[in-house]
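Trainee: Could we go through this one together? I would like to learn how the descriptive words are chosen.
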Amino acid sequence: MINQKTGERSFEVNSELTLSELFDLIVRNKLTVLISVSFFSIASLVYAFSLEDVYKSEAILASVPEDRSSNSQLYDLSEFAGFNLGSSKLNKSDQALEILKSLDFFEAFATKYDVLVPLMAATGWNKEKNELVFTKNFEKKIYSTQEAHKVFLNKLNISPDSKGIIKISLEHFSPFVAQNWLERLIFEINSTIKEEDKYKAEQSISFLREEISKTDFIGIKSALNNLIEKQIETVMLANTTPDYVFTTLSKPFSPEKKYLPNRLLILSMGFIFGFSISFLYIFLRFHLVKFK
């Protein structure tokens, strides 16, 4: 376009690209696109196959219905009489799940079953020998329980629903270790809550018997004796019930197929990233040249 006043030629710059122009731009720079896509695809492929397979063992649990009648009676009577028995109105299965994720529970579990080294030092699993692969000099390292607890929680997934069904899973390089640990976790949380309830019931029985000896009222003695019977039932139930808080609907299994990594997804992300980088480079270069 010629400026009528100065007689000089000026240019109008249109910064917008049509779809056909954009496609033509990519075709003319196909070598750049090919190099970028190839580089990031190969890099992602190498990365994907450098990762060790991870397996996930799963189980489905159901909360065991709890009899709240005796606990609520004991709690209400102790409040009325001005005593504190340390009773709790929280759901027992909810308490158990919180304990399962606690540092104290993990520390006891890790000590009992020698979990720290396979958890922190393992770098893979030899399928032929069915052996874990460890880092060099792992025997000489001292592993932090708190750090191990964080790693453990990242591998543990707990999904409860409103119906009392809990899906629980555990990841590890070895499918057999994942299954073994998950089985022991379920056993230990049942045992922990069972022993705790048993201890509280025995303490309540001692307390109630002491209170009976202090009163002369027949009605109160009768009520306290009824509560003692309920606590004795709790002790008996704890002694005879292995699935105290959770019953297993689907047992932990040793998975045959890996859970992670998703190598096809990693390769696809590398391809997309490579194409995006090349397209951004071509687009920016086009505009820099155009506006010079």
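Mentor: Happily! This is a predicted model. Start with helix α8 (residues 175-214) and helix α9 (residues 218-240): their axes come within 9 Å and cross at roughly 160°.

Trainee: What makes α8 roughly antiparallel to α9?

Mentor: Angles over 145 degrees count as roughly antiparallel. The axes of α8 and α9 cross at roughly 160°, so α8 is roughly antiparallel to α9. The crossing itself is left-handed.

Trainee: Why is α5 called oblique to α8?

Mentor: The axes of α5 (residues 103-113) and α8 come within 11 Å and cross at roughly 125°. Roughly perpendicular covers 65 to 115 degrees, and roughly antiparallel needs over 145. An angle of roughly 125° fits neither, so α5 is oblique to α8. This crossing is right-handed.

Trainee: How do you know that strands β4 and β5 pair?

Mentor: Pairing takes at least two bridges. Five bridges join β4 (residues 156-160) to β5 (residues 165-172), so the two strands pair, and they run antiparallel. For instance, serine 159 has lysine 167 in β5 as its bridge partner. The two strands form a hairpin with four residues between them, and glycine 164 in the turn has a positive phi of about 85°.

Trainee: Which residues form a nonpolar patch on the surface?

Mentor: Leu265, Met269, Phe271 and Ile272 do, with about 410 Å² of accessible area together. One of them, methionine 269, lies in helix α10 (residues 263-290).

Note on methods
Residues are numbered from 1 along each chain as its sequence is written. This is a predicted model: local features need pLDDT of at least 70, side-chain atom pairs count only at pLDDT 80 or more; totals for chains, interfaces and linings use all residues. Side-chain values use heavy atoms; hydrogens and water are left out. Patches are made of residues with over 30% relative accessible area and no salt bridge: like charges are joined within 9 Å, nonpolar side chains (Val, Leu, Ile, Met, Phe, Trp, Tyr) within 5 Å. Accessible areas come from the Shrake-Rupley method with a 1.4 Å probe; for residues, only the protein chains shown count as cover. A salt bridge is a side-chain nitrogen of Lys or Arg within 4 Å of a carboxyl oxygen of Asp or Glu. Axes are lines fitted to C-alpha atoms, for helices over the stretch in contact, and angles run from 0 to 180 degrees between N-to-C directions. Angles under 35 degrees count as roughly parallel, over 145 as roughly antiparallel, 65 to 115 as roughly perpendicular and the rest as oblique. A crossing is left-handed if the near helix is turned anticlockwise from the far one by less than a right angle, and right-handed if clockwise.
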